[in-house]
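Colleague: I should like a close look at a single part of this protein, beginning with one residue on its surface and working outward from there. Please set out what surrounds it and how the rest of the chain is held together.

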Amino acid sequence: MFKLFKEAFKTANDCIILAIPLVLFMWILSFYFAFSNAVVDTPAEIGLAFLTVLFMTGAFLSGWFYMVKNAIQISKVVYVMDEDRAKATMNLFKDIPYGIGKYFISFILMSLAFILIVSITAYLVFAIGREFIGNVFTPEQLSTALSSTQDMKLFISSLDLEQLQKLCMWNLLIMGTTTVMSYLFMLWIPEIIYKTMNPLIALFKSIGKLFIKFSKTILLFIYISILNIIMSFLSTFTLVHPLLYILIMVIYFYFIVYIVVLIFSFYEKEFCEEESNEEPKA
């Protein structure tokens with residue numbers, strides 16, 4: 001596993017070009033959100049904006065993840081000339097339209113399934129928390145507390161011991177649920193790209209594979225979680241200085257590329273190479 005972690009760094013470095021579509025998509029999405037926030041008012045416009053974001057996301061995910069898969073394949077090839085490697089790497093952009101054509105519907109359905117699963121889970125968590133923990137504050141108090149950092153500090157300082165205990169229990173419930181869901185979803189996308197285009201069937205198969213390789217997938221998930229905590233800590237410095245903000249954003253996009261490459265490399269090593277080795281020889 002530790003060898004895989006190291007190799008994923010090399011692959012991410014060799015294929016750092018993967019960050020370009022990611023940065024462009026995030027920029028376009030942020031621009032569209034700002035535009036929508038200014039002009040969208042009616043329910044029909046909200047629905048249209050949702051469909052637009054859904055299709056944009058489906059197109060990006062289908063093309064980009066297929067590009068990631070092929071980037072990992074290129075990283076395994078030994079090139080005599082650096083020019084050949086550079087040419088093969090640049091050709092990865094040509095994989096995006098093919099990936100969109102092949103996986104677009106799969107990722108549209110996956111996005112809808114993800115939203116539905118998260119919504120149902122959030123409702124259940126809220127219902128369980130309200131039943132067994134109780135309410136800590138009213139929606140009006142929460143809205144006021146979220147208006148600024150200072151208001152949040154004042155709100156927390158106003159809570160008594162019992163309310164603080166309830167707030168901690170709520171945090172544990174939400175964090176626990178989020179952690180479990182993140183683990184269960186970890187191999188969902190690689191399963192779609194490598195094996196099963198039907199997103200619902202892919203979800204169940206990917207969950208099964210998590211438990212087939214339980215010790216390895218847990219170790220991988222812990223490693224990713226530690227890196228995520230480090231990135232969350234670094235993100236607190238983004239407001240200190242504009243140059244520091246730019247540096248951390250560069251690290252953030254590299255972090256995303258590395259994590260995706262790591263998960264895809266793990267899936268390929270454990271569930272693709274292993275199956276090919278088990279095939280009977282003629």
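Modeller: The residue to begin with is Ile105, which has its place in helix α5. The model is a predicted one, and what follows should be read with that in mind. Ile105 has a relative accessible area of 57% and is therefore exposed, the threshold being over 50%.

Ile105 belongs to a nonpolar patch on the surface, together with Phe50, Leu51, Phe55, Leu109, Leu112, Phe114, Ile115 and Val118. The accessible area of these residues together is about 770 Å². Two helices, α3 (43-75) and α5 (95-132), each contribute at least two residues to the patch. Helix α5 provides the largest share, with 6 residues.

The setting of this patch is a protein of 12 helices and 0 strands. The C-alpha trace spans about 70 × 45 × 40 Å along its principal axes. Of the 282 residues, 38% count as buried. The protein exposes about 17300 Å², and carbon and sulfur atoms supply 72% of that area. Among contacts with a separation of 6 or more, 78% are between residues 24 or more positions apart.

Aromatic residues offer a second view of the structure, which holds 25 aromatic pairs. One of them joins Phe5 and Tyr223, whose rings are stacked at 3.9 Å centre to centre with 10° between the planes. This pair links distant parts of the chain, since Phe5 is in helix α1 (residues 2-14) and Tyr223 is in helix α11 (residues 214-235), 218 residues apart. Both Phe5 and Tyr223 are buried. The rings of Tyr183 and Phe211 are arranged edge-to-face, because their planes stand at 85°, with the centres 6.3 Å apart. Here too distant parts of the chain are linked: Tyr183 is in helix α8 (residues 161-184) and Phe211 in helix α10 (residues 199-212), 28 residues apart. Tyr183, at 8% relative accessibility, counts as buried, whereas Phe211, at 47%, counts as partly exposed.

There is also one aromatic cluster formed by Phe25, Phe60, Trp64, Phe65, Phe107, Tyr194, Phe264, Phe266, Tyr267 and Phe271. One of its members, Trp64, is touched by Ile256, which also touches Leu22, residues up to four places away in sequence not being counted. Ile256 has its place in helix α12 (residues 242-278). Its C-alpha atom is separated by 17 Å from that of Ser30, a residue 226 positions away along the chain.

Charged side chains come next, and a search of the whole structure finds 6 salt bridges. Asp14 and Lys10 form one of them, at 2.9 Å from N to O. Both residues lie in helix α1, 4 residues apart, which is about one turn of the helix. Asp14 is partly exposed, with a relative accessible area of 28%.

Lys209 and Glu191 form another salt bridge, with their closest N and O atoms 2.8 Å apart. Because Lys209 lies in helix α10 and Glu191 in helix α9 (residues 188-194), this pair ties together parts that are 18 residues apart in sequence. Lys209 and Glu191 are both buried.

In the salt bridge between Glu270 and Lys213, the closest N and O atoms are 3.4 Å apart. Glu270 lies in helix α12 and Lys213 in the loop between α10 and α11, so this pair ties together parts that are 57 residues apart in sequence. Glu270 and Lys213 are both buried. These two residues also take part in a network of salt bridges that links Lys213, Lys216, Lys269 and Glu270.

The cysteines remain to be considered. The structure holds 0 disulfides. Cys15 is in no disulfide, and the nearest cysteine sulfur, that of Cys272, is 17 Å away. Cys15 counts as buried, at 1% relative accessibility, while Cys168, at 45%, counts as partly exposed.

To return to the starting point, Ile105 is exposed and is one of the residues of the nonpolar patch, to which helix α5 gives the largest share.

How values were computed. Residues numbered from 1 in each chain as written. Predicted model: local features only at pLDDT ≥ 70, side-chain atom pairs only at ≥ 80, totals over all residues. Heavy atoms only, no water. Disulfide = S-S within 2.5 Å. Buried < 20%, exposed > 50% of the residue type's maximum accessible area, 1.4 Å probe, protein only. Patch = residues over 30% accessible without salt bridge, like charges linked within 9 Å, V, L, I, M, F, W, Y side chains within 5 Å. Areas by Shrake-Rupley, 256 points an atom, 1.4 Å probe, with all protein chains shown as cover. Salt bridge = Lys/Arg side-chain N within 4 Å of Asp/Glu carboxyl O. Contact = heavy atoms within 4.5 Å. Phe/Tyr/Trp six-rings, centres within 6.5 Å; stacked < 30°, edge-to-face > 60°.
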